[in-house]
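Here are a few exercises to help you find your way around a new structure. Try each one by yourself before you read the solution.

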Amino acid sequence: MASMATLFSKTSLPSHSLTKSFDTHFVPSTRVNLAIKNNPKTHRKLRVSNGLIEPDGGKLVELVVEDSKRDLKKGEALSLPRVKLSRIDVEWVHVLSEGWATPLGGFMREREFLQTLHFNSLRLDDGSVVNMSVPIVLAIDDAQKHRIGDSKKVALFDSKGNPIAILNDIEIYKHPKEERIARTWGTTTPGLPYVEETITNAGDWLIGGDLEVIEPIKYHDGLDHFRLSPSELRDEFTRRNADAVFAFQLRNPVHNGHALLMTDTRKRLLDMGYKNPVLLLHPLGGYTKADDVPLDWRMKQHEKVLEDGVLDPETTVVSIFPSPMHYAGPTEVQWHAKARINAGANFYIVGRDPAGMGHPVEKRDLYDADHGKKVLSMAPGLERLNILPFRVAAYDKTQGKMAFFDPSRPQDFIFISGTKMRTLARNKESPPDGFMCPGGWKVLVDYYDSLVLSSNGKVPEAVPV
């Protein structure tokens, strides 16, 4: 699988205007020097990468302590009041520690939480604005709050009792669950996966502060070598001379329609004058709902897509994005886009109903399918990112392959939904030739074949990856 991690870097960015067919905003890449408050107690490592689009705030905020201080911090953690982290909490520590949420320096204090909830953005000390659309917060209950008492620091431990991080200069404030849910998802309807997993039964308090992460977060699942941090991605893009980086997030297997979109995007960037545009294929690797294909199987499928030549491994970076999934539609897709800026991407591909899901009660989509791409084109703090809306692809019966939909002959096209794809794979049926590469389809069939049905006939609930 090593070939999947082939990476590319950057030369100086050409000044080209996007063609109208991209239907997006474009702000030429310029150097900015935005100040953020540097609290020395967090021992942040701040980076600026020349040539690539700059991180939000101008500097990448990384929160892992230096090797020489690791033992000291472990000892300190053992002496502090403890907060036990869930698997999803650890994933958020991972996100924060590597700088995906730059310029955040830890779990949100109330000021940052309220700005995120009400404005989908944060105002920095110099008055500039960066996007931040989902709260990155840590909940505690009354008993934990009582144990913390007047302490200004707490230690964060994982479920196995290992010290993960120290949270400094803490602030504890009320957890307005209903307001948080309503403003993030646009509804308080029961059945929202992330809400039920992390919010409904969470504590009534939130604790924020500056993070010192004791050592890099690892999962030891055979996939850690794909979990490249923003700084690692930037270093590789620079080393391999990419002059444009276009990011594509997905939480599903790659079919030939996706591949058509990605290869067509690269061709269009070449036509605009870029010399070496590189695709960042960036599957989401944090919490996903139970009926999504698990990460390890998706990575196997992505490997076959590259092995079968559907995507070119020489111009493709495959890396795992560690964020948990909210399924919060237009609100969440801003977070997905913002995080890729911090990794060096200056183009972001957005499709139909990004970060969406079916309504948990009614038989309809929870969000308007077009609102995600519209919101991205207007979102505060994303002006530097070029938004590339999907061109609709479907199976063309006349050509026997995936092609861009031609509205003048709709009778020639078949739309194969994710639900239909999963049903075919579960039943060991084959899709039309040309829908997905054979190796990739076999992985999907093998996944469903591997599931052991419980006594009530339902697929067992997946453990968050």
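## Exercises with solutions

H326 is buried, with a relative accessible area of 1%. Keep in mind throughout that the model is predicted.

**Exercise 1.** Work out where H326 lies and which residues it touches.

Step 1: Place the residue. H326 sits in the loop between β12 (316-318) and α10 (329-342).

Step 2: Look at the neighbours. Leaving out residues up to four places away in sequence, H326 touches W92, V134, T184, W185, Y194 and E332.

Step 3: Check the burial. The cut-off for buried is under 20% relative accessible area, and H326 has 1%, so it counts as buried.

**Exercise 2.** Decide how helices α3 and α5 are oriented to each other, and list the residues that meet.

Step 1: Get the geometry. Helix α3 covers residues 110-119 and helix α5 covers residues 177-185; they pack at about 45°, and their axes are 9 Å apart.

Step 2: Classify the angle. Under 35 degrees would be roughly parallel, and 65 to 115 roughly perpendicular. The two helices are therefore oblique to each other.

Step 3: Name the contacts. From α3 come F113, L117 and H118, and they meet E179, R180, R183 and T184 of α5. Sorted by kind, the residues of this contact are two nonpolar, two polar and three charged.

T184 should ring a bell: it is also one of the residues that H326 touches.

**Exercise 3.** Put the strands β15, β16 and β17 in order and find what packs on their sheet.

Step 1: Read the order. The three strands form an open sheet, β16-β15-β17, with antiparallel pairing.

Step 2: Find the edges. β16 (401-404) and β17 (413-414) are the edge strands, as each pairs on one side only.

Step 3: Zoom in on one pair. Strand β15 (residues 393-396) is joined to β16 by four bridges, and Y395 has M402 in β16 as its bridge partner.

Step 4: Add the helix. Helix α8 (residues 256-271) packs on the sheet and touches β15 and β16, with its direction at about 45° to that of β16.

**Exercise 4.** Take the salt bridge between R384 and D56 and explain which parts of the chain it ties together.

Step 1: Start from the idea. Side chains of opposite charge can pair when their charged atoms come close.

Step 2: Check the distance. The closest N and O atoms of R384 and D56 are 3.2 Å apart, and the cut-off is 4 Å.

Step 3: Locate both ends. R384 is in the loop between α11 (371-376) and β14 (386-389), while D56 is in the loop between β1 (45-47) and β2 (60-62), so the pair ties together parts 328 residues apart in sequence.

Step 4: Compare the surroundings. R384 is partly exposed at 21%, whereas D56 is buried at 2%.

**Exercise 5.** For the salt bridges R227 with D221 and K289 with D291, say which partner is buried and which is partly exposed.

Step 1: Take R227 and D221, which meet at 2.8 Å, N to O. R227 is buried at 7%, and D221 is partly exposed at 32%.

Step 2: Turn to K289 and D291, whose closest N and O atoms are 2.9 Å apart. K289 counts as buried at 16%, and D291 as partly exposed at 45%.

Step 3: Widen the view. The count comes to 29 salt bridges, and K73, E76, K153 and E212 are linked in a network of them.

Conventions
Residues are numbered from 1 along each chain as its sequence is written. This is a predicted model: local features need pLDDT of at least 70, side-chain atom pairs count only at pLDDT 80 or more; totals for chains, interfaces and linings use all residues. Side-chain values use heavy atoms; hydrogens and water are left out. Axes are lines fitted to C-alpha atoms, for helices over the stretch in contact, and angles run from 0 to 180 degrees between N-to-C directions. Angles under 35 degrees count as roughly parallel, over 145 as roughly antiparallel, 65 to 115 as roughly perpendicular and the rest as oblique. Contact means heavy atoms within 4.5 Å. Ala, Val, Leu, Ile, Met, Phe, Trp, Tyr, Cys and Pro count as nonpolar, Asp, Glu, Lys and Arg as charged, and the others, Gly among them, as polar. Buried means under 20% relative accessible area, exposed over 50%, partly exposed in between (1.4 Å probe, protein chains only). Two strands pair if DSSP finds at least two bridges between them. A salt bridge is a side-chain nitrogen of Lys or Arg within 4 Å of a carboxyl oxygen of Asp or Glu.
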